[in-house]
Amino acid sequence: MELDLKLPYSTEGLPGIGGQLRAAPEAFVVEEIPLYEASGVGQHLYVNITKEEQTTREVQRGLAEAFDLPYNAVSFAGMKDKFARTTQTFSLLVGHVDDGFLRAAPERISEKTPVTVNWVRLHRNKLKKGHLLGNRFAITVTGPSVQGEEAMTRAEAVAAQLRDRGLPNFYGPQRLGQNGANVRRGWELLQGGKRMSNRWLRGLLLASVQSYLCNRYLAVRQQQGRFAEMMTGDIAKKHDTGGLFVVADREAEQSRYERKEISFTTPIYGPKMWDAEAESGELEREVLAESGLDIDSLAKAKMMGTRRLGRILLDDLSVGQNGTDIVVQFSLPKGAFATTVLREFMKVPDDLLAQAPDENGA
């Protein structure tokens, strides 16, 4: 199959700074933004840790061993990078415990897994996947291709434009695989050409196909000059409440879009997806038809579909310098990719960004 992996830049015309990501764990710092705070009461122990060069699953196993718990008694809100310095919270079902248990918990954890324990606190419910607002990032671009004042001038110009307009919520190239390898393997599964017993990997590869189609929709919309505007029939999302609604009067909603109160959503194709209407629905159908897939084939693979926020807002985006390196700081909602932001600053081939692990934190 032919894949079109090219994504337009939101800052087209502004030169990049080049450089490299993840030169060291401290060059890629990620911190969860919690959905709620632990109350201090309950049977679930919330443990906030900072880790380096460990996967989230490895820490999960270490926490289970520390308290002699089954693996599934330890949960988390989102996966975090291995090759980074990441801070996240886990929950452990420990039952009713006393203050002595809480005081001893950090040392028990440190004996089983090499992490920094920031705090432990009880809460009433289990921490589930998606129980976070998003993630904060402080990312150092090392060895930029331009130096000193020129590097900062370029970075500040990109940052100003992104703060003003936002950017498409593309899936990062690491989700699609090197040169789209994950998408191609997922496509083969959909066509019935291969079987796979590993359910987790199968789900990842099939999801990469949906991610690719979402990127295609966003790329086509941007290329048509429609990223900066609402379309009749869009399924829009309110940024303050998360509520979804159909855009019936495009002109009436355009001012809300420009005030950053609402954004359009993109298709994650499947039989349970809320279809856009009118001209927006036509664009969604055109992108799916271009792929050669249809809803029935997705339904057979149990790819149910949903909708995804189409525009990332970056009001807190800032840039600075650390010696000759450029430091970019920003927050993203859950499910968004930091590399989508960094590609605008660096303007290097996406395949170089794909060498970074999947860090969406969803």
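Here are a few friendly notes on one sheet and one pocket of this predicted model.

1. Let's start with the sheet. Four strands make up an open sheet, and they pair in the antiparallel sense in the order β9-β8-β10-β11. The edges belong to β9 (244-246) and β11 (306-309); each has a single partner strand, so one side of each is left without a neighbour in the sheet. From one strand to the next, the twist averages 45°.

2. The β10-β11 pairing is a good place to zoom in. Strand β10, residues 262-268, is joined to β11 by four bridges in the antiparallel sense. If you would like a residue pair to look at, take Thr-265, whose bridge partner in β11 is Leu-309.

3. Do look at the helix on this sheet as well. Helix α7, which spans residues 250-258, lies across β8 (235-238), β9 and β10. Relative to β10, α7 runs at about 100°.

4. Now to the second largest pocket, which holds about 310 Å³ of space. Its lining counts 19 residues, and those closest to the pocket centre are Leu-5, Lys-6, Leu-7, Asp-350 and Asp-351.

5. Which helices each supply at least two residues of that lining? They are α4 (173-176), α6 (199-223) and α11 (350-353). The biggest share comes from α6, which gives three residues.

6. Finally, a word on the chemistry of the second largest pocket. Its lining is a mix by class: eight residues are nonpolar, six are charged and five are polar. Among the residues closest to the centre you will find Lys-6 and Asp-350, both of which count as charged.

How values were computed
Residues are numbered from 1 along each chain as its sequence is written. This is a predicted model: local features need pLDDT of at least 70, side-chain atom pairs count only at pLDDT 80 or more; totals for chains, interfaces and linings use all residues. Side-chain values use heavy atoms; hydrogens and water are left out. Two strands pair if DSSP finds at least two bridges between them. Axes are lines fitted to C-alpha atoms, for helices over the stretch in contact, and angles run from 0 to 180 degrees between N-to-C directions. Contact means heavy atoms within 4.5 Å. On a 1 Å grid over the protein atoms alone, a cavity is a set of points where a 1.4 Å probe fits but cannot get out, and a pocket is an open set with protein on both sides within 12 Å along at least five of seven lines; lining residues have an atom within 4 Å of a point. Grid points are joined across faces, edges and corners, and a volume is the space filled by probe spheres set on the points.
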